[in-house]
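Me: Please take one part of this model and go through it closely. I want to know how the strands there are paired and what surrounds them. Keep it brisk.

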Amino acid sequence: MKDKILKLKSKFGSAIRKSYELPLWKWLIVCFVLSVIEVVLLEMLGRRSILTPFVFIFHNPLIFVYNILIIYFTLSISLMFKRRGFAMGLIMILWLAVGTINFVLLGYRITPFSAIDFLMFSDVLSMFNIYFNLFQRIAIVVSIIVFIIIIVLAFLKTPIIKGKVNYIQGSIVVLISFTIVYIMTFIALETSLISDKFTNLGTAYKSYGFVYCFANSVIDQGISKPDDYSYNIIHNMAESALATSDDVNKIKWRYKNNKKQYPDIIVIQLESFIDIGRVKGVHTSRESIPNFKKFEEEYPSGFLTVPAIGAGTANTEFEILTGMKSKIFGAGEYPYKTVLTHTPCESMAQILLRNGYGTHAIHNNKAKFYSRDQSYANLGFQTFTSLEYMKHFHRTLTGWAKDDCLPEEITNALDYDEESDFVFTISVQGHGRYPKSELKSIEHVKVTLDSEDPELTNQFGYFVNQCYEMDQMIGELKETLDNREKDYVLVLYGDHIPSLTFEDDQFQTGLQNQTEYVIISNFDTGLEDRDIYSYELSDYLLRALGFRPGIVQGVHKAYFDENLISYENLPGDKTDTSENVKDKDIDKDKASSDKDQNKGGNNADESVDNAEASDENPNIELTLFDKYIHELQYDMLYGDRYIYNYIEPYETVNMRLGLYDISIDQIDYNSSTGSIVVRGENFTEFSKVLINDERMPTTYIDENTIMIIPEEVSDPPQTGDIFVVAQVDKDKHELSRSTEKKYSGE
């Protein structure tokens, strides 16, 4: 057996060495054949099917060839290396690796793998235990180790080309293949064969192929500079937008001690929350969200069109807060993970902060998820209470924090100061992965499916019962707000549909990219039932409450209509180009309609359908809103900030994590047991004791007591030792510290 392996190894090495003697034209043929094989394999992985890739190839032969050319260009780079066989094999393996990651991810979510997911690596690790069982985790780790070993061995064992590498010849091949890809890309975009503006990432991957879409996500980050971007364009836009500032509802708020009593504004983004009654083939033993349905009947409500399906919480959140369009950014990009980590941005929090509001963010998940610990400061929040600072919470059987802790945290934020408050809350209880093998939930609602698929029934059953508990939470919160006897507005909405298996026509009302919203208040806001986009909500709400809106909201008011325009008729600088605007949505004004029209039809909002479809047609004429929201977003976040000649610049807020100081009052050493007990205030399960800057294993007792157990104390503390309590997330990141306290030895 050993001899056979050695012979096989010898033949393989000999074949590689002989291949180095092939003329260049034969190498190019080899590259092309390998490229075809690679694209087919990647499509099989991306579509999770052996046969459907060939349907794609048959219907889209030119796109298939275009994907081959991209792979071909990357393989041609191997001609520049002495270990040509290794380089070519490594490139192929790397493509297969990202294809395999995509295959795995699509088993747990709807959104395919894109380059932005590399920035989410730390967040993915924090959810590793939730999405993968022990066997799967071990298999993944072993696979990574084996992959690295194979790469190292291949590098060491692969023969080196004899003589010198012909770099001139190789460079010419790479340059020609790149030029062909570049020209093909330009022609494909101009002829609408492909698009670089993805309304729905999943749909784009199916339409244009994995290779192109993933490659596009690598190079397409941020907001492209409009070709006609200039001071004059921003000037014209700003004047029109600012002219809408007084177009607000005239509300006479009460005064107390000569101070206007604005209402508290609470906005809650409910994780994956939808009315399951919209879905065909899913039946429940009772109403799964009774409070929300009751609120829809009593208060302004409608469908909310969000920028994602089955994932993308942070982008719905971004659009709600800022009024900006996330699709203007790169393919699959999360602004929270990129530009907002270091750039202040207009938002509802920034606007209300300038109106004297206290601004608070709450999320019952880790602070660093989607870099909220950084981005929220640039969005204008004064405080951010994440799970690490919550004293009382429970977990689902799948590991997520339940939302029943949120009413207490919201009330704490409202009571934090005497000012009116804006409290933006993101829930997490409805998050996937939804268990297949068992329900893993209290069965408040029994769920049955027409398909009778047991795994899918468990998944839907778990999801529906989480929604039921989330609905109980919002019912409790409303009762609490009513009892406070202060004016308030409570906005409730789902961030996206859950990451479950849905057919294209499975929704009886609304679309897959629509959830429901309701605006509750204990006074008349003057709002009516209406279907809206998530990026409309800030303008819709602020004007109803009588606040002078921000510049983004002004652009909405000045330019958001259904009249298509030609670039030849635009004011300011004139440029005739089809690529001025990165996002190709057609946004149409959705007139108010009664509840039955909004929620009763199979095509509840045709304008939404048309708008989303336009993303796949780059040649369609754009609205003034499309143009100017792109210009403004680029200018405010990436450009020359001309807009700050017209409005006061926004600044990063000195945001604190948690509402209350964590402090040490007393340190006790028990010589008989050998334990160290630290007493103080506002400790949580994430509080860790540091002695002389060394982090110690810490046991949580209650919000006033934590301790280091005897097994972890090697030596008794010494007089003068410095004690600190730090909040440390489960990934060992330190978020904040208490003040220091010296051990007195008493």
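Reply: What follows is a walk through one stretch of strands, beginning with a sheet and ending with a hairpin.

First, the ground rules. The model is predicted, so local features need pLDDT of at least 70 and side-chain atom pairs count only at pLDDT 80 or more, while totals for chains, interfaces and linings use all residues. Residues are numbered from 1 along each chain as its sequence is written, and side-chain values use heavy atoms, with hydrogens and water left out.

Two terms run through everything below. Strands are DSSP runs of E with at least two residues, and helices are runs of H or I with at least four; both are numbered from the N terminus. Two strands count as paired if DSSP finds at least two bridges between them.

Start with the sheet. It is open and has four strands. Read across, the order is β14-β15-β19-β18. The pairing is antiparallel. At the edges sit β14 (663–670) and β18 (699–702), each of which pairs on one side only. From one strand to the next, the twist averages 25°. Here an axis is a line fitted to C-alpha atoms (for helices, over the stretch in contact), and angles run from 0 to 180 degrees between N-to-C directions.

Now the β14 edge. Its partner is β15 (residues 675–681). Seven bridges hold the two in the antiparallel sense. Take one pair as a landmark: Ser-663 stands opposite Glu-681 in β15.

One residue of this edge strand deserves its own look. Gln-666 lies in β14. Is Gln-666 buried, exposed or partly exposed? Its relative accessibility is 38%, so Gln-666 counts as partly exposed. The cut-offs are under 20% relative accessible area for buried and over 50% for exposed, with partly exposed in between; the probe is 1.4 Å and protein chains only are used.

What does Gln-666 touch, leaving aside its neighbours within four places in sequence? The list is Val-677, Val-678, Arg-679 and Lys-741. Contact means heavy atoms within 4.5 Å. Gln-666 also has Gly-680 at 6.6 Å, C-alpha to C-alpha. In sequence, Gln-666 and Gly-680 are 14 residues apart.

Move on to β16 (residues 687–691). Four of its five residues are buried, so β16 is largely enclosed by the rest of the structure. β16 pairs with two strands that can be taken in turn: β20 and β17.

β20 covers residues 722–728. Five bridges join β20 to β16, and the two run antiparallel. Among the paired residues, Lys-688 has Ala-726 of β20 as its bridge partner.

β17 covers residues 694–695. Two bridges join β17 to β16, again antiparallel. Leu-690 is opposite Arg-695 of β17. How are β16 and β17 connected? They form a hairpin with two residues between them. In that turn, Asn-692 has a positive phi of about 55°.

To recap the route: the β14 edge meets β15 through seven bridges, and β16 is joined to β20 by five and to β17 by two. When you turn the model on screen, Gln-666 and Asn-692 make handy places to stop.
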